[in-house]
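Below is a set of questions and answers for a first look at one protein chain. Please look over the sequence and the model before reading on.

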Amino acid sequence: KNSIEGTLEHRLKMCKKLWYNNKTGLNEPIWEWIKIKDISVGDIIKIPNKIVMEDDCIPQQLEIPIGIISRCKYFDDMKLPKVMNEQLAEFLGLLYGDGCMGRLEDNSWKGGISCHRNELESVINCVKNALGFIPSVYDDKNGHGVSVNWDSKLLAHYLDCNGLRKIPYDKELKIPDKIMKSGIKFIIPFLRGLFSADGSVAKTDGQCSFTTCSKNMAFQVKH
């Protein structure tokens, strides 16, 4: 049997009533967002046309930039996954939400994720679980948060050659193909990281919202 899981505050689309469509001559449903706690046995729920099961997930292979390993410091402190995994997917969600990685004028590669102080431990653990190293921590200039930083040419090349590096201020940003092609098992942790960085939940009605400058990303998250 199939089932839908969620908190009591989670909302699903439910058919509250029907309306007569003069063009088709049919009664068609009017869908409304209803909290799970207000749904009863016998109510009609709208579900996606295609539900992707975990059995359909195929983790994508990831390329290791062997050519520059010998020229990079601290390689032994870093583990670069050879296939997509849930820890890397969540790290990428955080990076795409409140982080970036780019090359500076001195040709060094630096990356970082901004977060609130109460999120610091979880962000550090996310980086460590995904890539095996502990990042540096600095106070933000505005004093309201912290920045979790790293300096790694190897990681930059790894993200680049797999199409995973977020380009700063990219208005065409989208969920990486390696995530989308790996399936729902990896899309979920990516979204968890993304919403931890750029999402919010209203205290009044539990409604989720997400902010991005990219129409591509907004469309993908919505659907």
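**Contacts, core and pocket**

Q: Leaving aside its neighbours within four places in sequence, which residues is isoleucine 44 in contact with?
A: This is a predicted model, in which local features need pLDDT of at least 70 and side-chain atom pairs count only at pLDDT 80 or more, while totals for chains, interfaces and linings use all residues. Residues are numbered from 1 along each chain as its sequence is written, and side-chain values use heavy atoms, with hydrogens and water left out. Contact means heavy atoms within 4.5 Å. By that rule, and with neighbours within four places set aside, the partners of isoleucine 44 are Lys13, Met14, Cys15 and Trp31.

Q: How far apart in space are the C-alpha atoms of isoleucine 44 and tryptophan 31?
A: Isoleucine 44 sits in the loop between S2 and helix H1 (66-69). Here helices (H or I, at least four residues) and strands (E, at least two) are DSSP runs, numbered from the N terminus. Along the chain isoleucine 44 and tryptophan 31 are 13 residues apart, and their C-alpha atoms are separated by 9.5 Å.

Q: How many helices and strands does the chain have?
A: The C-alpha atoms of the chain fill a box of roughly 70 × 40 × 35 Å along the principal axes. Among contacts between residues at least 6 apart in sequence, 63% join residues at least 24 apart. The count of elements in the chain is seven helices and eight strands.

Q: Is lysine 35 buried or exposed?
A: Lysine 35 is found in strand S2 (residues 26-35). Beyond four places in sequence, lysine 35 touches Leu8, Glu9, His10, Arg11 and Asp205. Buried means under 20% relative accessible area, exposed over 50% and partly exposed in between, with a 1.4 Å probe and protein chains only. Because its relative accessibility is 15%, lysine 35 counts as buried.

Q: How many residues does H2 give to the largest nonpolar core?
A: A nonpolar core is a set of buried Ala, Val, Leu, Ile, Met, Phe, Trp, Tyr and Cys residues joined through side-chain atoms within 4.5 Å. The largest one holds 43 residues, of which Met84, Phe91, Leu92 and Leu155 touch the most other members. Elements that each supply at least two of its residues include helix H2 (86-98), strand S4 (109-115) and helix H6 (184-198). The largest share comes from H2, which supplies seven residues.

Q: Which residues does leucine 92 touch, not counting those up to four places away in sequence?
A: Leucine 92 is one of the four core members that touch the most others. In general, nonpolar side chains in soluble globular proteins tend to be buried together. With residues up to four places away left out, leucine 92 touches Met84, Leu159, Leu164, Ile179 and Phe190.

Q: Which residues of H6 are buried?
A: H6 has 15 residues and should span 21 Å at 1.5 Å a residue, and its end C-alpha atoms are 20 Å apart, which agrees; the expected span is 1.5 Å times one less than the number of residues. Cover over the buried residues of H6 comes from elements including H2, helix H5 (177-182) and helix H7 (215-222). Those buried residues are Phe186, Ile187, Pro189, Phe190, Gly193, Leu194 and Ala197.

Q: Which residues lie closest to the centre of the second largest pocket?
A: About 510 Å³ of space lies in this pocket. Of its lining residues, 10 are nonpolar, 10 polar and five charged, and S4 gives the largest share of the lining, four residues. Of the 25 lining residues, the closest to the centre are Asp98, Gly99, Cys100, Lys166 and Tyr169.

Q: How far apart in space, C-alpha to C-alpha, are lysine 166 and leucine 92?
A: Lysine 166 lies in the loop between H4 and H5 and is buried, with a relative accessible area of 12%. Beyond four places in sequence, lysine 166 is in contact with residues including Leu95, Tyr96 and Gly97. Lysine 166 and leucine 92 are 74 residues apart in sequence, and their C-alpha distance is 8.7 Å.

Q: What is the relative accessible area of proline 59?
A: Proline 59 is in the loop between S2 and H1. Setting aside residues up to four places away, proline 59 touches Met84, Ser182 and Phe186. Proline 59 is partly exposed, with a relative accessible area of 35%.

Conventions
On a 1 Å grid over the protein atoms alone, a cavity is a set of points where a 1.4 Å probe fits but cannot get out, and a pocket is an open set with protein on both sides within 12 Å along at least five of seven lines; lining residues have an atom within 4 Å of a point. Grid points are joined across faces, edges and corners, and a volume is the space filled by probe spheres set on the points. Ala, Val, Leu, Ile, Met, Phe, Trp, Tyr, Cys and Pro count as nonpolar, Asp, Glu, Lys and Arg as charged, and the others, Gly among them, as polar.
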